[in-house]
Amino acid sequence: MSSDVRFTDFKSDKQPTWCPGCGDFGTMNGMMKALAETGNDPDNTFVVAGIGCSGKIGTYMHSYALHGVHGRALPVGTGVKMARPDIEVMVAGGDGDGYSIGAGHFVHAVRRNVDMSYIVMDNRIYGLTKGQASPTSRSDFETSTTPEGPKQPPVNPLALALASGASFIAQSFASDALRHQEIVQQAIEHDGFGFVNVFSPCVTFNDVDTYDYFRDNLVDLEEAGHDPSDYEAAKEVILDSDKEYQGVMYQDENSVPYHEQHGVTEDMSEIPDGAPEDAMDLVREFY
Amino acid sequence: MAEDLNWAIGGEAGDGIDSTGKIFAQALSRAGRHVYTSKDFASRIRGGYTAYKIRTSVDDIQSVVDRLDVLVALTQRTIDENLDELHEGSAIIYDGERSWEAEIPDEMTAVDVPLKSLAEDAGGAIMRNVVALGAACAIANFDVEYLDEALEKRFGGKGSKIVENNKKAARLGEEYVEENYDLDHLGYDLETTDNDYVLLNGNEAIGMGALAAGCRFYAGYPITPATTIMEYLTGRIEEYGGHVVQAEDELSAINMALGGARAGARSMTATSGAGIDLMTETFGLVATSETPMVICDVQRSGPSTGMPTKQEQGDLNMALYGGHGEVPRFVVAPTSITECFWKTIEAFNLAEKYQTPVFLVSDLAMSVTEQTFPPEAFDMDAVEIDRGKLVDDDTIDEWLDEQGRFRAHAVTDDGVSPRAIPGTTDGAHMSTGLEHDELGRRTEAQDERVRQVDKRYRKVETAQEREDWEYREFGNPDADDLVISWGSNEGALVEALGYLEEEGTDIRVISVPYIFPRPDLTDEVEAADDVIVVECNATGQFADLIEHDTLTRVKRINKYTGVRFKADELAEEITDQLAAEVPAK
């Protein structure tokens with residue numbers, strides 16, 4: 001790992017096809033900066049992405065990466081991290097990817113506490129399929145598939161994470177570049193599953209959850225003096241649906257990541273040329 | 001004097017049928033006898049008929065037969081279910097003190113043993129099955145001491161007192177029969193030998209093969225009958241620095257294995273039936289991203305939930321064609337328990353050499369059957385590992401383009417690209433299910449699309465040339481009639497040869513362990529008068545392939561009752577088919 005890694009080393013030479021002004025630009029920049037700041041380089045980093053606008057991130061970043069199928073990025077990240085505890089794993093997805101089709105995986109990745117960061121670009125809309133309701137869309141948000149609004153409450157991903165036993169829960173805003181980067185850095189450095197829900201506005205299809213809306217309504221938890229180690233305080237903030245927060249809501253300082261709990265330390269890519277030395281013992285076990 | 005003994009214990013699920021059967025099978029194996037077991041079980045935890053059957057001989061045996069000599073019946077249903085396999089000389093051990101009134105046909109030998117009372121004398125009613133084992137030893141003239149080692153293995157973890165009580169229970173059962181019955185007329189005298197055998201089932205062989213092959217990461221979701229692979233690996237894979245994750249579903253399992261594989265670990269998942277359907281979503285991604293991994297399908301009766309605890313070979317078309325779009329894959333189907341071991345190793349090598357998903361297709365009959373083998377059948381020294389075109393820091397340079405970017409999907413003559421795993425300097429690249437260029441970047445350019453599709457299929461052509469896609473052959477190679485089989489039918493077929501020979505019927509048997517690519521059997525089919533394809537499904541999926549390959553109509557023997565082929569039954573079917581006309585389609 002070289003010490004002179006710049007965040008641009010994590011940039012690929014592909015030009016993003018995101019709409020001009022898309023929140024995902026800022027989200028990605030923060031991710032790249034956070035990776036570089038935390039001492040990683042593209043050759044020891046694995047980024048897993050799902051499907052949708054957010055899923056394109058693997059193409060625009062430069063690292064070992066997998067662009068998977070819809071909603072399954074977290075299991076892929078889990079597999080990478082288990083096989084290679086030495087590798088930095090970051091999983092990126094969107095609100096549909098993570099909280100709809102991948103909701104089951106989200107709950108289980110959280111409770112497993114695999115040591116990776118999970119960055120969800122939450123724009124409260126389906127962008128790439130051109131503007132349908134997402135699991136985080138407001139109940140009265142009118143879209144092509146919900147002309148009168150979804151008429152169901154949005155998923156609260158932070159609460160879902162909390163209920164699943166998360167060890168790190170945070171939220172950031174793509175446009176607040178420095179705070180976003182700091183928060184992602186904390187997620188990377190966290191020993192366990194570092195979950196960050198990022199407000200990443202869709203300028204094309206969502207005229208409600210806009211940059212202006214978040215700028216006007218965002219409360220920074222650090223400025224508000226919130227203590228992330230205080231579970232009760234975290235619960236209060238997470239369940240407060242009247243405000244939008246950014247910052248680390250909850251962090252379990254005693255978090256032990258999954259691979260450590262299971263004693264996985266070795267690089268599983270290294271195997272002997274033939275069967276392991278004592279392998280006949282495996283056979284004799286069947287006497 | 002009967003050479004073989006066909007023994008069974010049957011009762012309700014939860015009665016300890018399985019472990020009791022296993023103890024007896026191990027004892028017979030320790031005595032140097034060949035053992036072949038089969039199980040009847042229902043899809044429920046408690047209640048419902050379940051049985052564990054053992055066929056034992058000093059000769060090698062590879063199949064079940066329609067014959068039951070000694071039956072331990074814990075319920076009347078056990079007797080009723082097996083009436084057609086019981087014969088005049090059969091002995092039925094039952095507990096007359098139990099509440100049910102045993103209805104045993106007059107011509108059979110009813111052996112009433114107070115199993116529960118004797119077990120209580122030995123220390124607890126729970127040991128009634130072991131009392132029955134002792135009784136069975138007395139009937140079969142098999143030294144009860146052979147049970148001791150198996151009892152130690154089974155109960156050793158629970159303390160020496162438990163082991164001693166069980167040994168006592170077995171002896172009480174033996175003594176009771178010896179004192180109360182004069183059973184010499186049954187004529188059994190189970191010969192023992194000095195042979196050392198191991199006793200294992202197909203799933204254990206797959207798990208062992210995976211460990212030998214360097215599989216270090218396994219993700220799976222419990223499903224009958226694949227789960228025992230996961231259970232085998234759990235607790236053992238850690239010895240080699242590996243890990244098993246019980247995923248939240250099959251979608252997750254295959255994606256975890258995909259992650260492990262892309263990280264460079266030899267990775268595997270196994271499932272059955274409905275689980276394979278769920279995994280199909282990711283299957284195309286595994287193939288398109290050219291990720292080496294092994295997906296094991298232990299087939300059971302389908303479709304949908306079908307008959308989850310019953311035998312079938314109905315997933316062949318799924319393995320061959322499953323998934324949207326066209327994707328290269330290998331389909332390897334072990335034909336015996338030893339082949340479960342060797343083909344698993346081969347599957348991992350194929351996966352890495354060609355960077356392709358490999359379907360390892362087994363079936364329920366093989367997965368639950370325990371069979372004896374000399375330990376050398378699993379000779380670990382013969383295991384070879386081939387990791388294919390894996391590049392490292394020193395060898396990666398030739399695969400970088402002018403800008404220093406790694407050509408993860410480089411178009412090569414053999415279709416195989418270099419593979420860099422995370423941590424390899426300059427190897428960073430993205431993999432995707434989107435069509436991509438040599439660098440892995442998305443493309444919809446027509447020429448790139450064609451180049452990559454051709455490249456991926458060229459791997460299959462290369463493999464077809466380089467690998468030996470052989471078949472196994474039995475019977476008389478010069479016989480006029482040819483029987484073709486795949487999967488676990490081989491054992492019954494090989495034994496059927498003996499029955500057929502007695503009738504003067506001479507056949508050639510070809511057992512095919514590779515579904516795709518597969519050996520070209522055109523010459524063999526053309527040289528034969530009659531060709532019969534044997535498989536456990538209704539439509540003859542493999543027979544269709546043979547017809548497709550050879551442009552010749554074949555006869556078919558299909559069994560889809562949920563029960564595997566039996567050697568004697570198969571011999572009869574073959575005789576019938578040889579006499580029949582080739583059906584018009």
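Here is a short chat about the aromatic rings in this predicted model.

Author: A word on the ground rules: local features need pLDDT of at least 70 and side-chain atom pairs 80 or more, while totals for chains, interfaces and linings use all residues. Side-chain values use heavy atoms, without hydrogens and water, and residues are numbered from 1 along each chain, with chains lettered from A.

Reader: What makes B:Trp7 and B:Phe24 a tilted aromatic pair?

Author: Rings of Phe, Tyr and Trp (its six-membered ring) pair if their centres lie within 6.5 Å; planes under 30 degrees apart are stacked, over 60 edge-to-face, the rest tilted. Here the centres are 4.7 Å apart and the planes 55 degrees, so the pair counts as tilted. Overall, the structure holds 26 aromatic pairs.

Reader: Why is B:Trp7 called buried?

Author: Buried means under 20% relative accessible area (exposed is over 50%, partly exposed in between; 1.4 Å probe, protein chains only). B:Trp7 has 1%, so it's buried, and B:Phe24, at 0%, is buried too.

Reader: What makes B:Phe330 and B:Trp469 a tilted pair?

Author: Their centres are 5.8 Å apart with 45 degrees between the planes, so they fit the tilted class. B:Phe330 is buried at 0%, and B:Trp469 is buried at 9%.

Reader: How do you know that A:Lys33 sits over the ring of A:Phe7?

Author: The rule wants NZ of Lys or CZ of Arg within 6 Å of the ring centre and within 35 degrees of the ring normal. The charged end of A:Lys33 is 4.9 Å from the centre of A:Phe7 and sits over that ring. Likewise, A:Arg138 lies over the face of A:Tyr213, at 4.7 Å from the ring centre.
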